[in-house]
Amino acid sequence: MKKALLTVIGLFSVVGLASASNDFSYTASGAPGSSPDGLDQSHNPVSVWTLVQTPGGTNGANDNGADGQGVYFGNPDGSGGIGGSAENSWQEYSYQNDGTGLGGSVNAYNTFSGGALSIGQTVSLNFVMRATDPASGGRPPGQVGVSLMNGSSTAVTFYIYGGGPGNYFYTDAGSTAAKAGPMGYQYQSPFNIAFTMTGANTYSAIAGGDSWSGTFNGSLSGIDVFDDAGGNGSDVGFNNLTIAPVPEPGTLALACVGGALSFFGFQRRNRKA
C-alpha cells in the first residue's frame, strides 16, 4: 500500500507540473496598449500589451510637424488583413517627414502569463507589414520585427530593415545579423512567426518561408513587436499571440490519471488472486 501511495503521489506531481505550464491564445480587440486590447481563448477581455512609444528626432523649421509614431486597431489597406479583408488587428506605425531626422519608434511588450517558456513550448503570432525606410541623410534605416525577451534584455530578434533589403535577419546569443532564410520582402503578405524552446538555451524558429535555429542567454519570458523608425506607411499588424505547450498539459494529465487508475486496478486484481 505504501508503494502504491508513493506511485500515485508521483503521478499527480507530474500532473501538477504539467498544468502549471503556460497555455494561452490572445486575439486583438483594440489598439495595442489600450485596456482591454484583446480577448483570451475563453473570449474574456484582457490587456495584452504594454506600450512604449519614443518620439522621433526633429530638424527645426524643416521638420514639417513631423516625426512621430502611434498605434491603432484596424487594417491599413483594406485588403491585407492577417486573416482576410475583414479582420482588424493590432497595428503600430512610425514615420519621419523631413528626410533627415529619426522617425519615432513603438514597442509593444507582453510578459508571458505563468512565467518563462519551458522546453518544448512554442510562442507564435501572425504578422503583416508594409514599408521600411532606407538609410538617408545620416538617419539609420528603419527596422521592424519581433524579439523574444529575457526580462528587459533582448534574447532573440527577427527583423527586416531599410526599405526592403530583400531578406529577413535574426540576432541571438550566437549570431549577429544572420540571414534567416531565402524569404523575400513580404509587403502586405501575412505570415506566421513561431519560436520553439528546444533546450535549456536553444531554440528553433519558423517565420513564413524562413527557418533557423540558435541559442539564447537567460530565459524567454516575454515578446516585443517593434516598429523602429519604420517610415511613412510602415504599419505593422499582428494578431493571435499564442503559447502552446508540447505535449499538451491536458493530454499528459489524462495519461497520468489513466496510469494511476490502471495501477490501482492491477493492485486490486492481485489481491483477489
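Strands (E, at least two residues) and helices (H or I, at least four) are DSSP runs, numbered from the N terminus. The model treated here is predicted: local features need pLDDT of at least 70, side-chain atom pairs count only at pLDDT 80 or more, and totals for chains, interfaces and linings use all residues. Residues are numbered from 1 along each chain as its sequence is written, and side-chain values use heavy atoms, with hydrogens and water left out.

**Exercise 1. Backbone geometry**

Locate Gln188 and Ala177, and state the sign of phi and the exposure of each residue.

Solution.
1. Gln188 lies in the loop between strand 12 and strand 13. Its phi is near 55°, a positive value in a residue other than glycine.
2. Ala177 belongs to the loop between strand 11 (169-171) and strand 12 (178-179). Although Ala177 is not a glycine, its phi is positive, about 50°.
3. Buried means under 20% relative accessible area, exposed over 50%, and partly exposed in between (1.4 Å probe, protein chains only). Gln188, with 22%, is partly exposed; Ala177, with 40%, is partly exposed.

Which residues does the cis peptide bond join? The bond joins Ser35 and Pro36, with omega about 0°. Pro36 is found in the loop between strand 1 and strand 2 (38-39).

**Exercise 2. The nonpolar core**

Describe the largest nonpolar core and name elements that contribute to it.

Solution.
1. A nonpolar core is a set of buried Ala, Val, Leu, Ile, Met, Phe, Trp, Tyr and Cys residues joined through side-chain atoms within 4.5 Å.
2. The largest such core has 42 residues, and Phe158 and Phe195 have the most contacts inside it.
3. Elements that give two or more residues to this core include strand 1 (24-28), strand 10 (153-161), strand 13 (191-199) and strand 17 (236-244).

**Exercise 3. Aromatic pairs**

Classify the pairs Tyr72–Tyr93 and Tyr161–Phe169.

Solution.
1. Rings of Phe, Tyr and Trp (its six-membered ring) pair if their centres lie within 6.5 Å; planes under 30 degrees apart count as stacked, over 60 as edge-to-face and the rest as tilted.
2. The structure holds 16 aromatic pairs. One of them, Tyr72 with Tyr93, is tilted, at 6.1 Å centre to centre and 45° between the planes.
3. This pair links distant parts of the chain: Tyr72 in strand 5 (residues 68-74) and Tyr93 in strand 6 (residues 89-95) are 21 residues apart.
4. The ring centres of Tyr161 and Phe169 are 5.5 Å apart and the planes stand at 40°, so this pair is tilted. Tyr161 is partly exposed at 30%, whereas Phe169 is buried at 15%.
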